[in-house]
Amino acid sequence: MRIVLVTGPGGAGRTTLAAATALAGARRGARALLLTTDSSAPETVLGTPLGADAPTPIAPGLHARRIDPADRFRQEFLAFQERAGVALDLLGAAPLDEDELTELPGSEDFALLHALRAEHASDDWDIVVVDMPSAAETIRLLALPNQVRRYLRRLLPPERQAARALRPVLAQLAGVPMPAQKLYEAAERWENELAAVQRAIDDPGTSVRLVTEAGPVAAANLRTIRAGLALHGRRTDGVVVNRLLPTGSADPFLSALSGSQQTALKALREEFPDVPVHEVPHLGRDPQGVEELDELIDGPAGELGDTHPEPEPRTDPWTVDDRLATDGILVWRVPLPGAERRGLGLVRRGDEIVVTVGRFRRIRTLPSALRRCTVSGAGLRDGVLEIRFSPDPDLWPKND
């Protein structure tokens, strides 16, 4: 299965291009699904009302489904309330009814991740295209499972669960189930769910596709976005340049605007030399319905739905370079294409390291060898952050 996460700056037409990508996949014979949390724009683009309970048929081979964050939140909250019933009774809490529940901020993120995990586990589709939020929000969203799992491990360390066998005895002595047991059981369920979401995100078939318009600041904006995606190990499989005007117009205004777009397009190709850049024409209107989407993907833009070639096996892009024999150091190489020295931060906290790129931050546990070292320097060269580690004499194994 291919999973294509379509994102980009606001106003670039990512919902339209997500729908066009899914349709292009269906036109190539794939079983394609479009997932979205938007309640109106996709229906306008596709020309068909979407249901939240089951995928809606749109065209031969193409289905679409609208994710309902409010319904997902109600289901999860009621299930939690039922599991925690005894503890809530002890506290004298009054349970909430379904009709008085309204979703909380962040519910949409978790609903989208849950849907992504569910479709990844199914065998119903060849390509799943997800209409993601804006690029900065998408980066944070894709980092969320690992972050929450880290918080759970810090607040509820797994080793404490070794005492689980004692809890039934304590519960009998107290006469009521121990709330701590429910807490650890909930944490275990969350860990399993988040691990499944992480597998979907890390799958070799999952990639991010950036949608942009060909404007004067497009390359600079996407440079920052690409660096944030690379920081979290996300693969960019293409850049889609939307609403391109035809060249060679006799109208001076349109000719100048087209020339500016071609200049921006050239800058984008130079910025992303190793990533396909797809050109999508301006139809003179916002596409509505399958027929107009077909017109949009006619020609080179039909490659948007290509489910081939086979994705390469996924490996950790952060690699350790052993230079002990020559320079007496180990180097942790972190690919950060698009990153600039300005806004780059690096902090070590015990066995973890915190890397900041602009507005994005990632915390990673050091490999075992690097935990016995001290950070001796770092540098950004050709889009790769090289963090230098020197062995700590007090911790490094001594040669006999």
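**Salt bridges, an aromatic pair and surface features of the predicted model**

Asp237 and Arg209 are both buried. In this predicted model, their side chains meet in a salt bridge with an N to O distance of 3.0 Å. Asp237 belongs to strand 7 and Arg209 to strand 6 (residues 206-213), so the contact ties together parts that are 28 residues apart in sequence.

The salt bridge between Asp237 and Arg209 was considered together with the others in the model. A search of the whole structure returns 23 salt bridges. Side chains of opposite charge can pair when their charged atoms come close. The side chains of Arg150 and Glu352 form one such bridge, at 2.8 Å from N to O. This pair links distant parts of the chain, with Arg150 in helix 6 (residues 135-155) and Glu352 in strand 12 (residues 352-357), 202 residues apart. Arg150 and Glu352 are both buried.

A further salt bridge joins the side chains of Arg234 and Asp202, with 2.6 Å between N and O. Arg234 sits in the loop between helix 9 (218-231) and strand 7 (236-244), while Asp202 is part of helix 8 (residues 179-202); the pair therefore ties together parts that are 32 residues apart in sequence. The two partners were also examined for accessibility. Arg234 has a relative accessibility of 11% and so counts as buried, the cut-off for that class being under 20%. Asp202, with a relative accessible area of 26%, is partly exposed. Salt bridges also link Asp321, Arg323, Arg333, Arg381 and Glu386 in a network.

Aromatic contacts were searched for in the whole structure as well, and one aromatic pair was found. The pair is formed by Trp318 and Trp332 in an edge-to-face arrangement, with 5.1 Å centre to centre and 75° between the planes. Trp318 lies in the loop between helix 11 (290-296) and strand 9 (319-323), and Trp332 lies in strand 10 (residues 329-335), so the pair ties together parts that are 14 residues apart in sequence. Both Trp318 and Trp332 are buried.

At the level of the whole chain, the secondary structure consists of 13 helices and 15 strands. The chain has 400 residues, of which 43% count as buried. Among contacts in the chain with a separation of 6 or more, residues 24 or more positions apart account for 69%. The exposed area of the chain is about 20,500 Å², and carbon and sulfur atoms supply 52% of this area.

Part of the surface was resolved into a nonpolar patch. Phe253, Leu254 and Leu257 make this patch, which covers about 290 Å². Leu257 is located in helix 10 (residues 252-271). The relative accessible area of Leu257 is 37%, so this residue is partly exposed: the value falls between the 20% limit for buried residues and the 50% limit for exposed ones.

Helix 5 was examined for its span and burial. This helix comprises residues 107-121, 15 residues in total, and reaches 21 Å from its first C-alpha to its last, close to the 21 Å expected at 1.5 Å a residue. The buried residues of helix 5 are Ser107, Ala111, Leu112, Leu113, Ala115, Leu116 and Glu119.

Key:
Residues are numbered from 1 along each chain as its sequence is written. This is a predicted model: local features need pLDDT of at least 70, side-chain atom pairs count only at pLDDT 80 or more; totals for chains, interfaces and linings use all residues. Side-chain values use heavy atoms; hydrogens and water are left out. Helices (H or I, at least four residues) and strands (E, at least two) are DSSP runs, numbered from the N terminus. The expected span of a helix is 1.5 Å times one less than its number of residues. Buried means under 20% relative accessible area, exposed over 50%, partly exposed in between (1.4 Å probe, protein chains only). Contact means heavy atoms within 4.5 Å. Accessible areas come from the Shrake-Rupley method with a 1.4 Å probe; for residues, only the protein chains shown count as cover. Patches are made of residues with over 30% relative accessible area and no salt bridge: like charges are joined within 9 Å, nonpolar side chains (Val, Leu, Ile, Met, Phe, Trp, Tyr) within 5 Å. A salt bridge is a side-chain nitrogen of Lys or Arg within 4 Å of a carboxyl oxygen of Asp or Glu. Rings of Phe, Tyr and Trp (its six-membered ring) pair if their centres lie within 6.5 Å; planes under 30 degrees apart count as stacked, over 60 as edge-to-face and the rest as tilted.
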